[in-house]
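User: I am new to this structure and would like to go through it step by step. Please take my questions in turn.

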Amino acid sequence: MKQRYYFDWAATAPPAGLSPPVPFGNPSSPHTEGRLARRALEDARSRCAAALGVGAETLYFTSGATEANTIVLHSLLARKDPPGTLLYSATEHPSVRENALALKRLGIPARQIQAEKDGRISGERFSSALGRAERPALAAVMAVNNETGSASDIPALASLARKFPGPPPRFHCDIVQAVGKVPVALGEWGVDSASLSAHKLGGPRGIGLLYLRQPAGALGAGGSQEKGIRPGTENVAGAAALAEILEARAGIGIVRAEYAAAAARFGFLIRSLRELDRCALIPEDRQDEDTRFSPYILQAAFSGIPGQAAVRALDDEGFAVSTGSACSSHRESRPVLDAMGVDRETALYGIRISQGWTTTDDDIEALIRAVRKMLAKL
Ligand code: PLP
């Protein structure tokens with residue numbers, strides 16, 4: 001097989017090979033095997049909490065970020081009082097956006113918060129959405145967008161939510177593409193809830209975390225695991241692997257060091273892409289090392305080559321890239337790019353290039369060569 005170059009880290013990261021052995025018992029069983037598994041689970045929770053700088057009692061293991069986001073949004077259905085408005089940014093991952101639409105069909109008022117042209121949610125747009133909503137109950141704004149890398153100022157937005165005159169809405173933040181990549185201070189950001197996923201960091205699929213600053217009502221039923229917030233037998237092996245990966249990747253020292261290296265690599269990529277006639281960065285004014293974006297995710301369009309065709313052409317050359325989120329890869333529409341005001345044609349040509357900590361300068365140079373070759377051919 002041809003040498004492969006992996007540029008789809010935002011979909012999933014190559015496994016880091018960290019799978020510590022864990023006791024096999026069911027953590028809810030009262031016997032010794034069960035108690036050993038319970039101890040391993042709680043040990044994993046404490047280690048995740050220490051790595052994220054929050055209390056262990058605020059963390060709930062889930063099957064991933066989709067489930068964590070779903071639990072938070074669906075908690076609106078568990079409220080006894082009439083539901084207030086759900087606000088969600090127009091660029092959210094489908095696990096927020098499509099759940100918001102599902103809730104709307106069930107009668108929960110749900111409104112989008114408009115994004116700026118760079119895909120970020122500004123304080124002005126956030127305040128205006130809060131001001132227009134009837135009794136805002138929950139506001140969801142992601143830290144880093146999975147298609148463009150746009151990074152909103154979460155502490156500033158969470159602070160605006162807290163200062164809302166009237167009962168403040170809860171503030172939820174999807175930190176999937178932020179944790180381990182850009183500095184995250186969960187305990188200090190002032191968010192009420194957050195979601196993350198192990199497999200974006202090189203951990204296994206099927207394990208993630210929900211952070212709840214205060215216990216919140218949840219819709220789940222069927223078991224008292226994870227305090228009833230996430231019923232179902234716990235994934236102890238996954239929890240232990242997540243603890244391991246967060247300890248390895250989420251520390252502020254490593255995040256800062258890797259960030260600088262990633263920014264330099266993508267800075268070079270951006271400069272090189274700019275030199276190509278048929279290439280447009282999305283958004284167009286993205287700079288080489290631009291702090292409005294995560295340096296791990298880039299969206300670019302190649303005029304005349306539909307995104308799906310570019311993905312196939314680069315795949316043939318040995319390069320894994322994608323269009324949008326892996327969950328929506330079979331759909332033509334690009335709601336995130338639409339929300340940024342990107343014209344339909346450019347959006348159709350868009351591809352996502354995402355890198356990680358094993359990406360090298362040579363990989364970037366090889367990618368640029370492959371893009372040139374594709375442009376010459378198509
Ligand atoms: N949120 C964002 C921003 C993502 O990129 C993803 C994965 O694509 C998810 C949520 C869903 O995560 P999981 O695969 O753990 O359900």
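User: Does Arg135 count as buried, partly exposed or exposed, and what is the relative accessibility behind that class? Put otherwise, which class does Arg135 fall into?

Analyst: This is a predicted model, in which local features need pLDDT of at least 70, side-chain atom pairs count only at pLDDT 80 or more, and totals for chains, interfaces and linings use all residues. Residues are numbered from 1 along each chain as its sequence is written, and side-chain values use heavy atoms, with hydrogens and water left out. Buried means under 20% relative accessible area, exposed over 50% and partly exposed in between, with a 1.4 Å probe and protein chains only. Arg135 has a relative accessibility of 46%, so its class is partly exposed.

User: Where does Arg135 lie?

Analyst: Arg135 is not a glycine, although its phi is positive, at about 40°. Helices (H or I, at least four residues) and strands (E, at least two) are DSSP runs, numbered from the N terminus. Arg135 lies in the loop between helix H4 (123–132) and strand S5 (136–140).

User: Is Glu226 buried or exposed?

Analyst: Glu226, found in the loop between S8 and helix H7 (236–249), is a residue other than glycine with a positive phi near 50°. Its relative accessibility is 6%, and therefore Glu226 counts as buried.

User: Which residues are joined by a cis peptide bond?

Analyst: The bond has an omega of about -5°. Its proline lies in the loop between strand S9 (279–282) and strand S10 (297–302). The two residues joined are Ile282 and Pro283.

User: In what order do the 7 strands of the open sheet stand?

Analyst: Two strands pair if DSSP finds at least two bridges between them. The pairing in this sheet is mixed, and the edge strands, each pairing on one side only, are S2 and strand S4 (110–113). Neighbouring strands are turned by 20° against each other on average, direction ignored. The order is S2-S8-S7-S6-S5-S3-S4.

User: Which residue of S8 is the bridge partner of Leu59?

Analyst: Strand S2 (residues 59–62) and strand S8 (residues 208–212) run antiparallel and are joined by 4 bridges. Leu59 and Phe61 point one way from S2, Tyr60 and Thr62 the other way, and all are buried. The partner of Leu59 is Tyr211.

User: Which residue in S4 stands opposite Leu87?

Analyst: Strand S3 (residues 85–89) pairs with S4 in the parallel sense, over 4 bridges. Opposite Leu87 stands Arg111.

User: How are the axes of H9 and H12 oriented to each other, oblique or roughly parallel?

Analyst: Axes are lines fitted to C-alpha atoms, for helices over the stretch in contact, and angles run from 0 to 180 degrees between N-to-C directions. The axes of helix H9 (residues 307–316) and helix H12 (residues 361–377) come within 10 Å and cross at roughly 120°. Angles under 35 degrees count as roughly parallel, over 145 as roughly antiparallel, 65 to 115 as roughly perpendicular and the rest as oblique. H9 is therefore oblique to H12.

User: Which residues make the contact between H9 and H12?

Analyst: Contact means heavy atoms within 4.5 Å. The residues are Ala310, Ala313 and Leu314 of H9 and, from H12, Ala370, Val371 and Met374.

User: Which residues does Ser95 touch, not counting those up to four places away in sequence?

Analyst: Ser95 lies in helix H3 (residues 94–105) and is buried, with a relative accessible area of 7%. The residues that Ser95 touches, on that count, are Thr66, Asn69 and Thr70.
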